[in-house]
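This report goes through a structure element by element, with attention to the ligand site, the sheet and the cysteines.

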Amino acid sequence: METMTWEQLEEQIRQCSRCPLCRGINHKVPGQGDRSAPLMLIGEGPGYQEDQQGLAFVGPAGQLLTRMLLSMGMPRDRVYICNTVKCRPPENRTPEPGETEACLPFLRAQTALVRPRVILLLGATAARVTLDPNIRISRDRGVWHQRSGVWMLATYHPSALLRDPSKKREAWTDMDAVRDKLMELGLYPDLYGEKAGGEP
Ligand code: URA
């Protein structure tokens with residue numbers, strides 16, 4: 001699947017019925033953004049707004065994510081954003097392992113096409129699918145992992161920050177770590193402009 005084009009990948013996602021999540025959805029949500037971004041963000045799965053619009057992170061969690069990115073000087077359209085599953089789980093439940101597994105080839109193909117230098121994993125599902133099934137975000141967030149030359153860091157999902165704002169401080173530390181890593185790699189601020197600063 002790694003060698004396919006974006007068009008082929010999008011078509012495969014459109015046609016996919018590998019797991020039951022595709023039943024009853026309004027739109028598939030493949031992901032969007034800069035397809036050659038050095039920074040890729042992976043969330044869990046589409047929610048209500050995302051399912052309505054066919055776009056990742058456009059609901060309340062997405063609005064917070066936009067502000068988090070801007071606070072470190074990154075316009076949203078300069079990163080690539082997608083999810084572990086491309087179909088909304090019923091009642092926004094956590095995707096089941098069989099569902100994330102069925103969707104994993106799409107995530108792998110997206111990563112192969114974007115070829116990011118840094119991946120920010122938003123929440124436990126993304127971290128478990130990508131790094132280690134035993135990860136606990138409260139314990140394991142903020143730690144860099146390098147896989148096939150790509151730097152990966154897990155942080156809280158923006159929905160968790162909306163539910164518990166006391167986690168924001170740690171999330172901001174993680175965003176700063178991402179900015180520092182991009183800087184270390186010579187990709188910041190040249191690519192993203194000067195830091196805008198401030199917390200949302
Ligand atoms: N939560 C996610 O994990 N992804 C989205 O696209 C929206 C909310």
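A polar contact is a pair of N or O atoms within 3.5 Å. The model discussed here is predicted, and the ligand site is taken up before the fold around it.

## Ligand site

The residues around the ligand are Gly 43, Glu 44, Gly 45, Glu 50, Ala 56, Phe 57, Asn 83 and His 157. For three of these residues, the table gives an atom pair with the ligand.

| Residue | Atom of the residue | Atom of the ligand | Distance |
|---|---|---|---|
| Glu 44 | backbone N or O | oxygen | 2.7 Å |
| Asn 83 | polar side-chain atom | nitrogen | 2.7 Å |
| His 157 | side-chain N or O | oxygen | 2.7 Å |

Glu 44 thus takes part through a backbone atom. Asn 83 uses its side chain, and His 157 also presents a side-chain atom. Two residues of the site, Gly 43 and Asn 83, are also bridge partners of each other, with Asn 83 belonging to E3.

## The sheet

The sheet is open and has six strands, ordered E1-E3-E2-E4-E6-E5, with mixed pairing. At its edges are E1 (32-33) and E5 (144-147), each of which pairs on one side only.

E3 pairs with E1 in the antiparallel sense, over two bridges. In this pairing Gln 32 is opposite Ile 81 of E3. Strand E2 (residues 39-43) runs parallel to E3, and four bridges join the two. Further along the sheet, strand E4 (residues 118-122) and strand E6 (residues 150-155) are parallel and share five bridges. Leu 120 has Leu 153 of E6 as its bridge partner.

In a regular strand, side chains point alternately to one face of the sheet and the other. Which residues of E3 are buried on each side? Tyr 80 and Cys 82 are buried on one side, Ile 81 and Asn 83 on the other, so both faces of E3 are covered. Asn 83 is therefore a buried residue of E3 as well as one that surrounds the ligand.

## Helices

Helix H1 spans residues 6-15, and its buried residues are Trp 6, Leu 9 and Ile 13. These residues lie on the same side of H1, because the arc they cover around the axis is only 65°. Exposed residues Glu 7, Arg 14 and Gln 15 sit on the face turned away from the buried side. Among the elements that cover the buried residues of H1 are strand E3 (80-83) and helix H4 (97-114).

Glu 99 belongs to helix H4. Is Glu 99 buried or exposed? Its relative accessibility is 5%, so Glu 99 counts as buried. Beyond residues up to four places away in sequence, Glu 99 touches Cys 19, Leu 21, Val 85 and Arg 93.

Leu 69 is part of helix H3 (residues 60-71). With a relative accessible area of 0%, Leu 69 is buried. Its contacts, apart from neighbours within four places in sequence, are Leu 41, Met 74, Arg 76, Val 79 and Met 175. One of these, Val 79, is ten residues from Leu 69 along the chain, with 9.1 Å between the C-alpha atoms.

## Cysteines

A disulfide is a covalent bond between the sulfur atoms of two cysteines. How many disulfides does a search of the whole structure find? The count is zero. For Cys 16, the nearest cysteine sulfur is that of Cys 103, 6.2 Å away, and Cys 16 is in no disulfide. The sulfur of Cys 82 also has its closest cysteine sulfur in Cys 103, at 9.6 Å, which is too far for a bond; the cut-off for a disulfide is 2.5 Å. Cys 16 has 18% relative accessibility and so counts as buried, with the limit for that class at under 20%. Cys 82 is buried too, at 0% relative accessibility.

## Positive phi in loops

Two residues remain. Glu 91 lies in the loop between E3 and H4. The phi of Glu 91 is near 55°, a positive value in a residue other than glycine. At 76% relative accessibility, this residue counts as exposed.

Arg 115 is in the loop between H4 and E4. Arg 115 also has a phi near 55°, again positive and in a residue other than glycine. Its relative accessibility is 67%, so Arg 115 counts as exposed.

Methods: Residues are numbered from 1 along each chain as its sequence is written. This is a predicted model: local features need pLDDT of at least 70, side-chain atom pairs count only at pLDDT 80 or more; totals for chains, interfaces and linings use all residues. Side-chain values use heavy atoms; hydrogens and water are left out. Buried means under 20% relative accessible area, exposed over 50%, partly exposed in between (1.4 Å probe, protein chains only). The arc is that of the directions from the helix axis to the C-beta atoms. Contact means heavy atoms within 4.5 Å. Two strands pair if DSSP finds at least two bridges between them. A residue is near a molecule or strand if one of its heavy atoms lies within 4 Å of it. A polar contact is a pair of N or O atoms within 3.5 Å; within protein, one must be able to donate a hydrogen and the other to accept it, and residues adjacent in sequence count only if both atoms are side-chain atoms.
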